[in-house]
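Biologist: I should like to examine a structure together with its ligand. Please show the sequence and the model.

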Amino acid sequence: MDVLIHFFVGLHIIGIAALLGGFLTQMKAIGQGTARFVPGMLHGALTMLVTGVALVGLHQAHGYPVNTVKIGVKLALLIVILGLVYVKRDEERIDKGLFGLVGLLTTVNIFIAVLWT
Ligand code: HEM
């Protein structure tokens with residue numbers, strides 16, 4: 001049933017696309033100080049959480065090894081991202097530094113996923 005794992009990795013990547021894509025749509029607005037967390041960023045972050053947890057479960061169900069430290073770090077960073085995006089979802093203008101932090105943490109998580117082997 002490796003196909004199920006690959007399917008969830010696909011969904012996980014769609015989550016990254018929504019989260020990082022939403023961030024990238026606001027690049028011009030960041031410079032103008034009018035950036036906001038668009039709904040796609042919240043949905044993307046939630047998708048990352050649900051598919052990530054499902055992937056851990058599927059790996060364990062198959063008896064595949066799970067790098068718990070790597071997953072723990074990714075989860076911790078995602079919780080910060082999710083918390084910020086959720087709490088500030090209705091604010092019209094987000095502080096540049098805070099907005100940039102979400103993009104930075106998302107990018108860091110991508111490189112943790114692909115470089116930490
Ligand atoms: C913004 C947050 C996240 C990003 C950007 C991200 C990114 C990625 C990427 C690019 C992959 C595919 C590459 C690979 O297989 O190594 C992946 C796989 C995976 N992610 Fe995430 N992830 C995030 C959050 C999470 C969370 C919160 C969990 C678990 C609770 C998680 C669990 C997994 C698992 C189990 C895999 C596949 C197995 C593996 O690491 O080999 N991810 N993630």
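The following exchange treats the ligand, its surroundings and a salt bridge.

Modeller: This is a predicted model, in which local features need pLDDT of at least 70, side-chain atom pairs count only at pLDDT 80 or more, and totals for chains, interfaces and linings use all residues. Residues are numbered from 1 along each chain as its sequence is written, and side-chain values use heavy atoms, with hydrogens and water left out.

Biologist: Which residues come nearest to the ligand?

Modeller: A residue is near a molecule if one of its heavy atoms lies within 4 Å of it. The ligand has 17 residues around it. Those that come nearest are H12, M48, K74, N109 and A113.

Biologist: How many residues of the shell around the ligand are nonpolar?

Modeller: Ala, Val, Leu, Ile, Met, Phe, Trp, Tyr, Cys and Pro count as nonpolar, Asp, Glu, Lys and Arg as charged, and the others, Gly among them, as polar. The shell includes 5 polar and 2 charged residues. The nonpolar residues number 10.

Biologist: How far is a nitrogen atom of the ligand from an N or O atom in the side chain of K74?

Modeller: A polar contact is a pair of N or O atoms within 3.5 Å. A polar side-chain atom of H12 lies 2.8 Å from a nitrogen atom of the ligand, and a polar backbone atom of A113 is 3.0 Å from a ligand oxygen atom. For the side chain of K74, the distance to a ligand nitrogen atom is 2.7 Å.

Biologist: Which element gives the largest share of the shell around the ligand?

Modeller: Helices are DSSP runs (H or I, at least four residues), numbered from the N terminus. The largest share is 6 residues, and the element that gives them is helix 3.

Biologist: Which residue meets E92 in a salt bridge?

Modeller: A salt bridge is a side-chain nitrogen of Lys or Arg within 4 Å of a carboxyl oxygen of Asp or Glu, and the whole structure has 2 of them. In one, E92 has its partner at 3.5 Å, N to O. E92 lies in the loop between helix 4 and helix 5 and its partner in the loop between helix 2 (27-32) and helix 3, so the pair ties together parts 56 residues apart in sequence. The partner is R36.

Conventions. Polar contact = N/O pair within 3.5 Å; in protein donor to acceptor, adjacent residues only side chain to side chain. Helix = DSSP H or I, 4+ residues; strand = E, 2+ residues; numbered from the N terminus.
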